[in-house]
Each structure stands twice: as structure tokens, then as C-alpha cells.
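Biologist: I should be grateful for a close look at one part of this structure, namely the packing of two of its helices. Please then relate that part to the strands elsewhere in the chain.

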Amino acid sequence: MFPVNLLSEKPAPAMVWALLLLLSGGCGDSTAPTATRAPQRSTTSRSQVAVRSATGKSSGRVSTARRSTAKSTAAESKEAAAHEANGPGPEQDTGRPERRTLADLFDQPADSANRWIENLPRMQINEGLVRAAGIRKLSSKRLTLYTDMPSSPEIDILPEMFDQAFPQWCEYFGIDPTKYVDWKMTGFLMLQKTRFQQTGLLPGDLPPFEHGYCRNFELWLYDQPSDYYRRHLLLHEGTHGLMNTILHGCGRPWYMEGVAELLATHRWRDGRLTLNYMPADREEVPEWGRIRIIKDAIAAGRAMRLSGVIGYSGSAHLETEPYAWCWAAAALLERHPRYHERFRTLSKEVLAADFNKRFHQMIGDDWGPLCEEWQVMVTTLEYGHDIAKTVVDFSPGKAIPSGGATVTVAADAGWQNSGLRVEAGVAYRLTASGRYQVAQQPKIWWCEPNGVSIRYYMGRPLGVLLAAVRPDQPQPDASSGLLRIAVVGLQTTLKPPQAGTLYLKINDSPAELGDNAGELQVEITPSPTP
């Protein structure tokens, strides 16, 4: 029996090890699939939007072919409204995560068990027994893969693909590959797990896992329903393997899983692998579903604050949804020019007991702006999301001259700081003019500030001019002012309830700003006091 007072009595070392092993970081839910079928996604309430949801209706990046379609449907407009209404709530200091398991009581579900395990030898494999069981061996410089999957190009290429990942992992983590010329993982790709159990290739001391698991130089994965997601899972577990065997640890759960998801999200084209890839559309990444998961969560009012993602405990990843939020956090930090270098240095802190504290110290005074950009990003998240083009300048605006002012708004960027401060309760007349490009295929789409009504985005005409006011002193318990959007069009009167800096942009997907061009002029004039 467990001691009555878990906080005051120290369990035996063997008990602690067994419990930590049980709770350590396998990828997916806690129940292993049956031996004769591919693993099913979790059916628990928080993971009903699991990976398989990627095959459902997409609200991701709209291809250029769809630029010429009719207006968005009522359902799409409703979904857009839900996204704006249900964006992430305010950032708060949530403190320590709720302690729900014995591993949580020891405060080490992720950054202890998910480290290099000392004195654990590599598995000894009986090659004859393995062959007799119908398990074949594929080998390359960096991976030996045992599988009971029939031979096919998509299976047989996996070790070569893994080899291409190694130098990219090394570049990302600042590792000198010449120091690890003999580095090699052993993997087990399983269709029928009983074959691997009977041959000793699936040890009984592994914790149960639904999709994949990695321990030191060995990784296990069940076959997946798409070629893409099979590769993704192998790269995800391979990232854990490299971090544990070379860096000797993976950091806190959000970083461990966020970086593994970031690097595993890939493009495989003409035999060439690209890690750390932002998918252009869902067809590139069948069964991945991370963006769909976040969209569904926001529509359901379950948007995660960034502080909540950073505070994930090790047990959070027994469900699928946290993988999506961790990927989004890693993607924002990796692709945002203000945070990129700082995020890359975190790999040097993976063994630190105060990993999250060091992360917060690295971010420093930028924590508030980072949380605002998180709110804006996840609320508008799309396949092909261009984070660099949606960077927000949080400099405070200056007072508008009594005669008004004119600002220029670029068509190929997200929210742009006007440099002007508006007062609470004062009416301002906004008048816009100009002609700009909102698409270039199959031909250039010209647009004016009223937008083009043959296609809508987020329930509004594509290209229409939008405005928002960010309060002078954003409250930590409030949503970003950039989520409270006003349509300007050719002209409107704006009377903000709070004083703050005026922001402007045209209405377009963050994934499709790259084919926009040109600019428009906006005159801002205080209305005469009655």
C-alpha cells in the first residue's frame, strides 16, 4: 500500500522508479492498442478533437483556387464569430499545476523520467527469433528499424529519412555532428504488438502508450493511418531520443513535446526531408490535425492561455490536445523574430530543475506582449500561418494633432501600429483610400478599403480595412484589445471605450499575406466636440 502521508513519507526507491516509469512521456494516451489493429484516438472529453480530426472539414489556409469562390457559408461565418468570442482568456499567474498523481506530488513527471536513464543497457536482440516471427530489419547509418509491416516504398525509406533528420536536429540544437559519428537509434514499427512482445522487442517494463514511446537509444511506434503521420511519429520520437541521448534531457513537458512536434512537422518531397515546417494546407499533413484541434477548442470555448501551456504537467500529454497547444507555443517562439534566439537557447537548460523560471527570465518584460501575440495567433491560426508577417509593434502611440493625421497601412502585414493614441469616449472619423492587391492567382485581385464581397474571411469581406484599439495599460485579466475588431471600410466613426493605441490592417488570412501588395491611406480626424 502507499504510505498514508505521501508528502511526509519517502517511498522505497524501487516504488518511485516504477511509478515514474509508468507516468513518463509516451506520446499519446495511456492505453495501448490491441495487437491486431492500428491505435484509435482517445475518446475522452478533452480529446474528441484528436489527430483524426484532420480529415474533417478544413477552415485552414484557403488555396489560390478558392480565392474565386463565392462568399463564405453561414457556418463559416458562425465559426469565425466563435473564434473571436472564444479567444484565449486573460493571462494569469496560475502557480503550480494541480497535483493529481503521485508523480505530480514529486514534481517530476517530465523532467526526471524524461531524461537519459543511467545504467540501462541497449536491448539484446535475437535476430533469428525475430526473423522467424516475420519481423524484418531495415538499417541505415542512424537507425535500425525492426518492423512487421510489409515491404513498400513508404516503409522501406524510413531509415534513410531518419538519416536526413540527424544533421537538421544537430543544427537546431547547436550540436557538432562530428562528435557523434556513431550515434544510432533502434526503432520498432509495430503492426501486431504480440509479435514484438513474444520476441522480446516490446519489453514489459515499458509504460502503456497509444502511439509512440522513446527510452534512451530505443523507440517504439504503432503503425499510423497515413504515411505522413507515420513519418511524423518516427521523427517526434527521434527528437526525444536525440535530446535524451545527447542533451541528456528534454526540459519541461511543454518544451519537450512542443519542440518534438515542431521538428517532426515536416515536408517529404522528392526524397528530401525538411524539418520544422509550417504546413501550407491540411493535404500536406494528413492525420496531423494540430491546427484543427486548436480551432475546435477555441470554437468550444476551451482556448488555452500561454501560461497554461507552459504550466502543463507530465500527465497532461496522456491526451492528444496538449500536443497541439505545445506545438503552437513552440511555433510562435521559433518563428517570431523577437523571441527566436532566446527560444533556441532553451535547449541548454533542459536539465535545470527551474527550467520554467529560466524561460520566464529569458522573456523578461516581453511576457505581456508575448501573451497578447499568443492570443492573436491562436485565434486566427491557419495552415501556412506567416508569423513573421503578423508581428505586432507594441510601442505606445502619440496624441493625434487637432487637425488629424494620415497613416499608411500595408496590405501584406497583420496588425500595424498607427503611432496614434486615441482617447476614451472621443469620436474619430476614419476615412480610407487606395487600391491594393489581395491575390495574384489566377490573376491579380485588386481591392479597395471596402473589400471584395465575392470572398469572405472570418465573416468579413476579404481585404476590408479593420481597426482595433489596444489600451494604454492592458490588464493582466483582460483579453487583448486586438481581438475587439471594428470594420472601417471606406469610412467609419470610431469611439473607443478606453484610451489606447490605434491599430489597422486589412482583413486577410495570416497564411495569405505573402501574395498581397500595395498600401492604403487612412485619415484619422477627431470629431468636433458638440
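**A helix pair and its setting**

Modeller: In this predicted model, helix H12, which covers residues 321-335, packs against helix H15, which covers residues 367-379, at an angle of about 120 degrees. The axes of H12 and H15 lie 11 Å apart. Two packed helices are described by exactly these two quantities, the angle between their axes and the distance between the axes. An angle over 145 degrees would count as roughly antiparallel, and one from 65 to 115 as roughly perpendicular. H12 and H15 are therefore oblique to each other. The crossing in which H12 passes H15 is right-handed.

The residues that form this contact can be named. H12 contributes Trp-325, Ala-328, Ala-329, Leu-332 and Leu-333. On the side of H15, they meet Leu-370, Glu-373, Trp-374, Met-377 and Val-378. By class, the residues of this contact comprise 9 nonpolar, no polar and 1 charged.

The wider chain gives this helix pair its setting. The protein chain has 15 helices and 20 strands. Of its 530 residues, 55% are buried. Among contacts between residues at least 6 apart in sequence, 74% join residues at least 24 apart.

Strand S5, residues 218-222, is a useful example among the strands. It is mostly covered, with 5 of its 5 residues buried. In a regular strand the side chains alternate between the two faces of the sheet. In S5, Glu-218, Trp-220 and Tyr-222 belong to one side, while Leu-219 and Leu-221 belong to the other, and both faces are covered.

Strands of a sheet pair through backbone hydrogen bonds, either parallel or antiparallel. S5 takes part in pairings of both kinds. With strand S3, residues 185-190, S5 pairs in the parallel sense over 5 bridges, and Leu-189 has Leu-221 of S5 as its bridge partner. With strand S4, residues 212-215, S5 pairs in the antiparallel sense over 4 bridges. Here Gly-212 stands opposite Leu-221 in S5. The hairpin of S4 and S5 has 2 residues between the strands, and in this hairpin Asn-216 takes a positive phi near 50 degrees.

Strand S19, residues 500-506, may be considered next. Since 7 of its 7 residues are buried, S19 is largely enclosed by the rest of the structure. Strand S10, residues 416-422, runs antiparallel to S19 and is joined to it by 4 bridges. Within this pairing, Asn-417 has Tyr-503 of S19 as its bridge partner. Strand S16, residues 465-471, also runs antiparallel to S19, with 7 bridges between them, and Leu-465 stands opposite Ile-506 in S19.

A further sheet completes the account. It is an open sheet of 4 strands in the order S9-S20-S11-S18, with antiparallel pairing. Its edge strands are S9, residues 405-410, and S18, residues 491-494, each of which pairs on one side only. From one strand to the next, the twist averages 25 degrees. At the S18 edge, strand S11, residues 428-433, is joined to S18 by 4 bridges in an antiparallel arrangement. One of the bridge partners there is Thr-493 in S18, which is matched with Arg-429.

Technical notes
Residues numbered from 1 in each chain as written. Predicted model: local features only at pLDDT ≥ 70, side-chain atom pairs only at ≥ 80, totals over all residues. Heavy atoms only, no water. Axes fitted to C-alpha atoms, helices over the stretch in contact; angles between N-to-C directions. Parallel < 35°, antiparallel > 145°, perpendicular 65-115°, else oblique. Left-handed = near helix turned anticlockwise from the far one by under 90°. Contact = heavy atoms within 4.5 Å. Nonpolar A, V, L, I, M, F, W, Y, C, P; charged D, E, K, R; others polar. Buried < 20%, exposed > 50% of the residue type's maximum accessible area, 1.4 Å probe, protein only. Pairing = 2+ DSSP bridges.
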